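Grab a pencil and work through these short exercises on a protein model. Try each task yourself before you read its solution.

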Amino acid sequence: MQKINGYTIPSKDEIKKEASKIEALAQSTAGISNVKTNIDLTNYIFAIDLDFQKIGNLNTAFLKLKNSKKLDPSLSTDYFAFADKKFIRTQKIPIKSLYEKLEKSDKEVFQTAKYTSVYKFDSTIKSFSNKNAATSKSKKAIKLNGSIISLINGNEKIENTITLN
């Protein structure tokens, strides 16, 4: 198929090229290193792995990505904070209102879409606020996965405050 709901379907090469652009954008951000993207075009799983010196470096990378895609300037990109051994992941994008603006046929793709986020730390995790998250055996990583439509409808949250030892 060439198009779905009027949207041109990118080729595998175009998807890989876009992932390379995102990787280069992140790599060019001061304080970010070891950037790697992983693309599974069979299951449509996209992952980016990176190291950062300060939490502000990560927020800067998201700002650069937003600007490169010419997204709404009012959308916040300060998703992360760190203070007093607490890593905070916020949700500032008005996803429900953005979702409501979509055509019905475009909304259908979100019905079965899933998300997974994994955060790895140098020290162990003491506690976390999101009841749907789970820590690794080593207690140095935390994973959160769920349904995109549940996230859109407010039944699930990606927000999490992770307290480190």
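Here come three exercises, each with a worked solution.

The model is a predicted one: local features need pLDDT of at least 70, side-chain atom pairs count only at pLDDT 80 or more, and totals for chains, interfaces and linings use all residues. Numbering starts from 1 along each chain as its sequence is written, and side-chain values use heavy atoms, with hydrogens and water left out.

**Exercise 1. The overall fold**

Work out how the radius of gyration of the protein chain compares with the globule rule.

Solution. Start with the secondary structure: the protein chain has five helices and 11 strands (DSSP runs numbered from the N terminus, helices being H or I with at least four residues, strands E with at least two). The radius of gyration is 17 Å, close to the 15 Å from the globule rule for 165 residues, so the chain is as compact as a globular protein of that length. Here the radius is taken over C-alpha atoms, and the rule is 2.2 Å times the number of residues to the power 0.38. As for the box, the C-alpha atoms fill roughly 50 × 35 × 35 Å along the principal axes.

**Exercise 2. An aromatic pair**

Classify the ring pair Phe87 and Phe121, and find which parts of the chain this pair ties together.

Solution. First, the rule: rings of Phe, Tyr and Trp (its six-membered ring) pair if their centres lie within 6.5 Å; planes under 30 degrees apart are stacked, over 60 edge-to-face, the rest tilted. That rule yields eight aromatic pairs. For Phe87 and Phe121, the centres are 5.4 Å apart and the planes at 70°, so call it edge-to-face. Next, place the partners: Phe87 is in strand β6 (residues 86-89) and Phe121 in the loop between β7 (114-120) and β8 (125-128), so the pair ties together parts 34 residues apart in sequence. Zoom out, and ring pairs link Phe62, Tyr79, Phe80, Phe87, Tyr119 and Phe121 into a cluster.

**Exercise 3. Into the core**

Are Phe87 and Phe121 buried or exposed?

Solution. Check the cut-offs: buried means under 20% relative accessible area, exposed over 50%, partly exposed in between (1.4 Å probe, protein chains only). Phe87, at 4%, is buried, and Phe121, at 15%, is buried too. Now look at the largest nonpolar core (buried Ala, Val, Leu, Ile, Met, Phe, Trp, Tyr and Cys residues joined through side-chain atoms within 4.5 Å). It has 25 residues, and among those touching the most other members are Phe87 and Phe121. The largest share of this core, four residues, comes from α5.
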